[in-house]
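The following exercises concern how the strands of a sheet are arranged. Please study the sequence and the model before reading the solutions.

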Amino acid sequence: MATRPAMEKPKIVWNEGRHRFETEDHEAFIEYKMTNDGKVMDLVRTFVPPSKAGLGLASHLCVAAFEHASEHSFSIIPTCSYVSETFIPRYPSWEHLVHSEDDSKNLKSSI
């Protein structure tokens with residue numbers, strides 16, 4: 001029985017001008033908008049074309065967004081259903097970056 005070769009990790013790039021992280025071919029992406037004076041990244045939409053479904057691209061896109069948020073001390077609002085219902089439950093180690101109302105109060109009290 002032939003084994004399927006392991007898929008090479010896709011290269012995900014940050015497209016700051018379009019407010020998204022995307023594959024090099026621009027076909028799969030996760031869009032965000034910044035809120036709370038640029039301190040919170042709201043992940044609003046994940047898109048993977050049907051031709052690339054099942055390759056784990058949505059997860060790789062989420063990891064890129066969460067890593068970016070972590071590196072820049074942002075918190076995340078998981079508006080996108082894939083992020084809130086699939087990615088975070090599957091990878092709870094990222095949950096510490098999820099924005100809460102307490103985060104907003106702390107931002108206001110530190111000003």
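**Exercise 1: The hairpins**

In this predicted model, β1 and β2 form a hairpin with four residues between them, and H19 in the turn has a positive phi of about 55°.

Task: Determine in which sense β1 and β2 run, and how many bridges join them.

Solution. Step one: β1 covers residues 12–15, and β2 covers residues 20–23. Step two: the two strands run antiparallel and are joined by four bridges. Step three: within this pair, N15 stands opposite R20 in β2.

Task: Identify the residue with a positive phi in the turn of the hairpin formed by β2 and β3.

Solution. Step one: five residues lie between β2 and β3. Step two: in this turn, H26 has a positive phi of about 70°. Step three: β3 spans residues 29–35, and its pairing with β2 is antiparallel, over three bridges. F21 faces I30 of β3, standing opposite that residue.

**Exercise 2: The whole sheet**

Task: State the strand order of the sheet and name its edge strands.

Solution. Step one: the sheet is open, and its five strands follow the order β1-β2-β3-β4-β5. Step two: the edge strands are β1 (12–15) and β5 (75–77), each of which pairs on one side only. Step three: on average, neighbouring strands are turned by 30° against each other, direction ignored.

Task: Is the pairing of β4 and β5 parallel or antiparallel?

Solution. Step one: β4, residues 40–47, pairs with β5 in the parallel sense over three bridges. Step two: D42 stands opposite I77 in β5. Step three: the pairing in the sheet as a whole is mixed.

Notes. Residues numbered from 1 in each chain as written. Predicted model: local features only at pLDDT ≥ 70, side-chain atom pairs only at ≥ 80, totals over all residues. Heavy atoms only, no water. Pairing = 2+ DSSP bridges. Axes fitted to C-alpha atoms, helices over the stretch in contact; angles between N-to-C directions.
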